Amino acid sequence: MLEIENLTKAFGQNKAVDAANIVVDKPVMIGIIGRSGAGKSTLLRTLNRLTDATSGAIMFEGQDVTQLRGAAKRNWQSQCAMIFQQFNLVPRMDVVSNVLHGTLNRRSTFTTMFNLYPTEDIHRAIEILDRLGIAEHAPKRAEALSGGQQQRVAIARALMQDPKIILADEPIASLDPLNAQVVMQSLRDIHEQDGRMVIANLHTLDTARRYCDRVIGMHAGRIVFDGTPDQLTTGAARDIYGADETFSEAATSTQIETLNEEVAKLANIAESV
Amino acid sequence: MAELSTSAIQTDYMAQVRQKRIMNTILLVVFIALMLGGFATANDRNAGGFWNGLPMLLDFPADVIGEAYSRAELLHGYFLKYLPSLIETINIAAASTLLGGLLGLVMSLLVTRGLAPVPWMIGPLRRVLDVLRAVPEIVIALVLIFLLGGGPVPAMIAIALHTVGALGKLFSEVNENASLMPVEGLESVGAGWTQRMWLGVIPQVAPNYLSYGLLRFEINIRASAILGFVGAGGIGYDLRNTMSWGQGKFDEAAAIFLLLFFTIVVVDQTSSYLRNRLTHGSAKGEIHA
C-alpha cells in the first residue's frame, strides 16, 4: 500500500531524514518514536508534501507521490490528512467552518471565499463533531475551545477530508494527560472503525505501546527500530533515545498511572534510605 | 447546558448559515449600488467628464517617453546633471525621517496603554499626533518658507513634523502587541520607566520599527520631491521646471523620473535586507526537526 524507499531530506549538510525505508501493506496504526530532532516531523511533512524530499520515493498504491505537482499534489494532500501539535486551526472562524476546510480540495475558490458549502457537507461536519463528542461547540469560534477540544476539531477536519492516511505530528504533546487519552482513543477508534491508516509521531513510549500496532524508532534521521510493541525492549528503547542504563521507560511517560507508579517507586526508595 | 441532539444542532447551525448568507447578499448589493451611484455623481460634477478624458490619459506619458526615446543618448548626461539635487532631496528625507522617527518613538511610548508613564496624558498626546498628521506637509512648508525663506530646512521641518504624527501612531500600535512579561520582569528588579522601555520593549519591537521607519523614508523621499515644487529645493524644483508643457524638456523630466524610481528601488531592497537581518539574525541555515 505505502512504500517509502530510501527517503532522504537534507537541510544543507544536516540530514533530517537519512535513507528511510518503510513498507506498509495494510492499514495499520503506526507510532513513530524518537527524541526531538530525530526527524519524525520531517518524515511526516515529506509524506504530506508540506516539505519536498531531497531524494528517494514514496510509493502509494503504485504512484510516486514525491513527483506530483500542482493539482495532483493537492489531491494527494487531501487524501493524506495531517494533524498538528499546535492544532493549526483558523482561530477566528467557527468550529464547523474549520471542519469544512477539509473539503477545500473539492470546492472551487469562489464558493469557499463566500462560505457557500453544500448543506449535506455542513450536516456531515456536525455528525463528525458529534462522533468526537464536541457537537455542542459547533457554532463557537475555534479559539474559544480548550486544547483537547481544538485537537478534536483538527481530527474532525482530517476526517472531513475522507483520507486514506491520517498523519498526526505529536498530536498530544500540547495536551494534559486526560485530553491526551481522549485524542489518542479517537485516533485509535478512527483506525479500527473506518480502517484508515494512522501514522502518529509520539514522544512517549507507553502511548506508542498502548495504541499502536507497529512502532518505528528514529535516531538522528535513521530508522533504528521497526517492529511490534512487544519487540520493543528496554534495550531497543535505549538505542532509540540514545540513553544509558539510567533510562527508564516511565521517565518518558505522560500517563497518569505510570507516573503514579514512578512516584510510588521513588517514595519507596526514599523510605529505604 | 442541556444536551442537544445532533439534528437540533444541525438545524440551528443551518439557520445561522442562512442568516449570514442573506446578510452577505444584502451587503454585496448595497456595495455595488453605492459604487455605481457614487461614480455617476462624481462624473456629473467633473469638468471634463471621465469617458471623454479617458482616451487622453496616456498623452502625457506618451510625450515623455517619446521625447526621452528620441534623445536617449542625452539621458546619462541628465542623470549626472540632476544627481546633486537628488542627493539634496534624499538628504531632506533622511534627516526628517531620523528626527521624526526618534520623536515619534518617544511619543509612541507615551501614548501606548499599559506602557505610558502618565496614563491621563494618553488622550491629549494622541490628539497632538492627530493634528500633526492632519495638517498637510505642504501647508507647514509654505508657512515655514514664508518665515524662514526658501531652502531645504523648512522642508525638512515640515516633513519631520508629519513623520512624528505618522510614526508615533504606527509605533504605538506595534507597542500594543509587545509582550508585557519582560517589562514586568524588569519592573520586579526595580528598573525605572526608561530602562523598562529601552531594555524590555524596544528589543521586541525594533524590527517592526525599522520596517515602518524605512517605509516612511520612502514616502518622505516622494514628499520632499513634491515640496521642491513650492520652492524647497531639491529635485522637485527641477521636475517642475522640466515638466511644464511646451518647453521641450520632457527628456529631462524622464531622466528625473528614472532617478526617483531607482532611488525607491534601492531603498526598498536595502530595507528588506536590513529587516531580514534584524528579525532572523545573520544568514544561517535553520534546521527544522
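**Exercise 1.** In this predicted model, determine in which element Asn6(A) has its place, and whether Asn6(A) counts as buried or exposed.

*Solution.* Begin with the location: Asn6(A) belongs to strand β1 of chain A. Next take the backbone, where the phi of Asn6(A) is near 50°, a positive value in a residue other than glycine. For context, most residues other than glycine have a negative phi. Finally consider the surroundings: Asn6(A) counts as exposed because it has 12 C-beta neighbours inside 10 Å, and the exposed class is reached at 12 or fewer.

**Exercise 2.** Work out where Glu170(A) is placed, and whether Glu170(A) is buried or exposed.

*Solution.* The residue is found in the loop between β7 (165-169) and α7 (177-194) of chain A. Its phi, near 50°, is a positive value in a residue other than glycine. Glu170(A) has 20 other C-beta atoms within 10 Å and is therefore buried, since the buried class requires 20 or more.

**Exercise 3.** Establish how many bridges join β1(A) to β2(A), and how many pair β1(A) with β4(A).

*Solution.* Strand β1 (residues 2-11) of chain A is joined to β2(A) by seven bridges, and the two strands run antiparallel. Within this pairing, Ala10(A) has Lys15(A) of β2(A) as its bridge partner. The hairpin that β1(A) and β2(A) form has two residues between the strands, and in this hairpin Gly12(A) takes a positive phi near 65°. Turning to the other pairing, β1(A) and strand β4 (residues 55-60) of chain A are antiparallel over five bridges, with Thr8(A) standing opposite Ser55(A) in β4(A).

**Exercise 4.** Identify which residues touch the most other members of the largest nonpolar core, and list the contacts of Leu167(A) beyond four places in sequence.

*Solution.* The largest nonpolar core holds 74 residues, of which Val99(A), Leu129(A) and Leu167(A) touch the most other members. Helix α6 (residues 147-160) of chain A provides the largest share of this core, namely seven residues. When neighbours within four places in sequence are left aside, Leu167(A) is in contact with Leu44(A), Leu47(A), Asn48(A), Cys80(A), Ala81(A), Met82(A), Ile83(A) and Ile199(A).

**Exercise 5.** Describe the side of chain A that touches chain B, stating which element gives the most to it.

*Solution.* The contact involves 20 residues of chain A and 14 residues of chain B. On the chain A side, β2 (14-24), α1 (40-48) and α5 (119-131) each supply at least two residues, and α5(A) gives the most, with six residues. Sorted by class, this side of chain A has nine nonpolar, eight polar and three charged residues.

Technical notes: Residues numbered from 1 in each chain as written. Chains lettered and ligands numbered in written order. Predicted model: local features only at pLDDT ≥ 70, side-chain atom pairs only at ≥ 80, totals over all residues. Core = buried A, V, L, I, M, F, W, Y, C linked by C-beta atoms within 7 Å. Helix = DSSP H or I, 4+ residues; strand = E, 2+ residues; numbered from the N terminus. Contact = placed C-beta atoms within 7 Å. Nonpolar A, V, L, I, M, F, W, Y, C, P; charged D, E, K, R; others polar. Pairing = 2+ DSSP bridges.
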